[in-house]
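Please open the model in your viewer and set the display to a cartoon coloured by secondary structure. The tour below moves from the whole chain to its sheet and then to the helices.

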Amino acid sequence: MTAVTGRVAAAERGETRIADRVVAKIAAQAAKEAVDHPPPNGASPRATVTVHRAAARVRVSLELGYPCDIGRQCGAVRSRVAQRVTSLAGMEVPEVAVQVERLHPATGGAQGRIR
């Protein structure tokens, strides 16, 4: 503590730590925002995060409507998740792995089934 101002120097104040589960919620919401047309009966995206210092490695699992451009959707999810985690949590995001768990056909009933 400095005698003149009575304030604690910035280096001595400590650090702010954001919990992994908070970063995972940010990532899941960002993935949800990035999907163009989510399937009406699909589950919301889920994310798991590993944080090491100021870097977060993210794994997102999601469901997509079919037919769609799966590669473009996954690319949009990667970009949006990295951007939102960086802007909201202040963390570098070197890796976003996207796993498509399920594809939901656009048509219902017997028409959507393969015979």
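Begin with the whole protein chain shown as a surface: in this predicted model, the accessible surface comes to about 8,100 Å², of which 50% belongs to carbon and sulfur atoms. If you colour the residues by burial, 29% of the 115 residues count as buried.

Return to the cartoon and follow the protein chain from its N terminus, where the elements run in the order α-β-β-α-β, giving two helices and three strands in total. A contact map is a useful companion here, since 69% of the contacts in the protein chain with a separation of 6 or more are between residues 24 or more positions apart.

Next, select the three strands together. They form an open sheet with the order β1-β2-β3 and mixed pairing, in which β1 and β3 (92-105) are the edge strands, each pairing on one side only. If you look along the sheet, the twist averages 15 degrees from one strand to the next.

Now narrow the selection to β1, residues 46-52, and show its side chains. Which residues of β1 lie on the covered face, and which on the uncovered one? The covered face holds A47, V49 and V51, whereas R46, T48, T50 and H52 make up the uncovered face.

Add β2, residues 55-66, to the selection: β1 and β2 run antiparallel and are joined by seven bridges. To find one position in this ladder, pick R46, whose bridge partner in β2 is S61. Then move to the hairpin of β1 and β2, where two residues lie between the strands and R53 takes a positive phi near 60 degrees.

On the other side of the pairing, keep β2 and add β3. How many bridges join these two strands, and do they run parallel or antiparallel? Eleven bridges join β2 to β3, and the two strands run parallel. A place to centre the view is V60, which has V98 as its bridge partner in β3.

Finally, bring the helices back over the sheet. Select α1, residues 20-34, which lies across β1 and β2 and runs at about 135 degrees to β1. Then select α2, residues 70-89, which lies across β2 and β3, running at about 140 degrees to β3. With both helices displayed, β2 is a convenient strand to keep highlighted, as α1 lies across β1 and β2 and α2 across β2 and β3.

Key: Residues are numbered from 1 along each chain as its sequence is written. This is a predicted model: local features need pLDDT of at least 70, side-chain atom pairs count only at pLDDT 80 or more; totals for chains, interfaces and linings use all residues. Side-chain values use heavy atoms; hydrogens and water are left out. Helices (H or I, at least four residues) and strands (E, at least two) are DSSP runs, numbered from the N terminus. Buried means under 20% relative accessible area, exposed over 50%, partly exposed in between (1.4 Å probe, protein chains only). Contact means heavy atoms within 4.5 Å. Accessible areas come from the Shrake-Rupley method with a 1.4 Å probe; for residues, only the protein chains shown count as cover. Two strands pair if DSSP finds at least two bridges between them. Axes are lines fitted to C-alpha atoms, for helices over the stretch in contact, and angles run from 0 to 180 degrees between N-to-C directions.
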